[in-house]
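Here are a few short exercises to work through with the structure open beside you. Try each task before reading its solution.

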Amino acid sequence: MIRTLFLGLAATCLTAAPALAQDRSERVATCMISHATEADIAQMKQLMLLALQEKKQEATGVLGTLMLTAGVNASGNCGVGFNEVGTPMFEYAMRLYGEHLGTVVLERSLDAMDLPMQ
């Protein structure tokens, strides 16, 4: 009986941990997005242009700068410790943050061309 309870509790904890990490990632990403600046968006635009031009070395440099800026943003504004920056939680938050910045760049590009968004 105790063994069954223990195994059930362990299973619950193991399945809840990824959900909690994903929830935290989403909260961190939301916070990072709310603190994004025009400079962050400009860096993403530059990264996208360099990547499309297949300028890997230059794009990698811009990506590094963007990631450093995002890490400082997350640690200064969103309660992320520097020890968390290389974790899957932060990597997922960065993915969401990057997707948001990329979407902003794309939407602005379409607006500049007067193309309908809907």
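## Exercise 1: Two helices that cross

In this predicted model, helix 3 (residues 56-77) packs against helix 4 (residues 88-112) at an angle of about 115 degrees, and their axes are 11 Å apart.

**Task.** Classify the angle between helix 3 and helix 4, then describe the residues of their contact.

**Solution.**

1. Start with the angle: values from 65 to 115 degrees count as roughly perpendicular, so helix 3 is roughly perpendicular to helix 4.
2. Next, look at the handedness: helix 3 passes helix 4 in a right-handed crossing.
3. Now find the residues that meet. Helix 3 brings L66, M67, A70, G71, N73 and A74, while helix 4 brings F90, M94, Y97 and L101.
4. Finally, sort the residues of this contact by character: eight are nonpolar, two are polar and none is charged.

## Exercise 2: A residue in helix 1

**Task.** Decide whether S25 is buried or exposed, and list what S25 touches beyond its sequence neighbours.

**Solution.**

1. Locate S25 first: this serine is in helix 1 (residues 2-34).
2. Check its accessibility. The cut-off for buried is under 20% relative accessible area; S25 has 1% and therefore counts as buried.
3. Set aside residues up to four places away in sequence, and S25 touches P88, M89, Y92, A93 and L96.
4. To place these partners, recall that helix 4 covers residues 88-112.

## Exercise 3: A residue in helix 2

**Task.** Work out whether I41 is buried or exposed, and which residues I41 contacts away from its own stretch of sequence.

**Solution.**

1. I41 belongs to helix 2 (residues 38-52).
2. With a relative accessibility of 11%, I41 counts as buried.
3. Leaving out neighbours within four places in sequence, its contacts are L101, V104, V105 and R108.
4. For a distance along this region, take I41 and G98: they are 57 residues apart along the chain, and their C-alpha atoms are separated by 9.5 Å.

## Exercise 4: The whole chain

**Task.** How many helices and strands does the protein have, and what share of its residues is buried?

**Solution.**

1. Count the elements: there are four helices and zero strands, giving the pattern α-α-α-α along the sequence.
2. Of the 118 residues, 25% are buried.
3. Turn to the surface: the accessible area is about 8,100 Å², and carbon and sulfur atoms account for 64% of it.
4. Last, among contacts with a separation of 6 or more, 72% join residues 24 or more positions apart.

Terms used. Residues are numbered from 1 along each chain as its sequence is written. This is a predicted model: local features need pLDDT of at least 70, side-chain atom pairs count only at pLDDT 80 or more; totals for chains, interfaces and linings use all residues. Side-chain values use heavy atoms; hydrogens and water are left out. Axes are lines fitted to C-alpha atoms, for helices over the stretch in contact, and angles run from 0 to 180 degrees between N-to-C directions. Helices (H or I, at least four residues) and strands (E, at least two) are DSSP runs, numbered from the N terminus. Angles under 35 degrees count as roughly parallel, over 145 as roughly antiparallel, 65 to 115 as roughly perpendicular and the rest as oblique. A crossing is left-handed if the near helix is turned anticlockwise from the far one by less than a right angle, and right-handed if clockwise. Contact means heavy atoms within 4.5 Å. Ala, Val, Leu, Ile, Met, Phe, Trp, Tyr, Cys and Pro count as nonpolar, Asp, Glu, Lys and Arg as charged, and the others, Gly among them, as polar. Buried means under 20% relative accessible area, exposed over 50%, partly exposed in between (1.4 Å probe, protein chains only). Accessible areas come from the Shrake-Rupley method with a 1.4 Å probe; for residues, only the protein chains shown count as cover.
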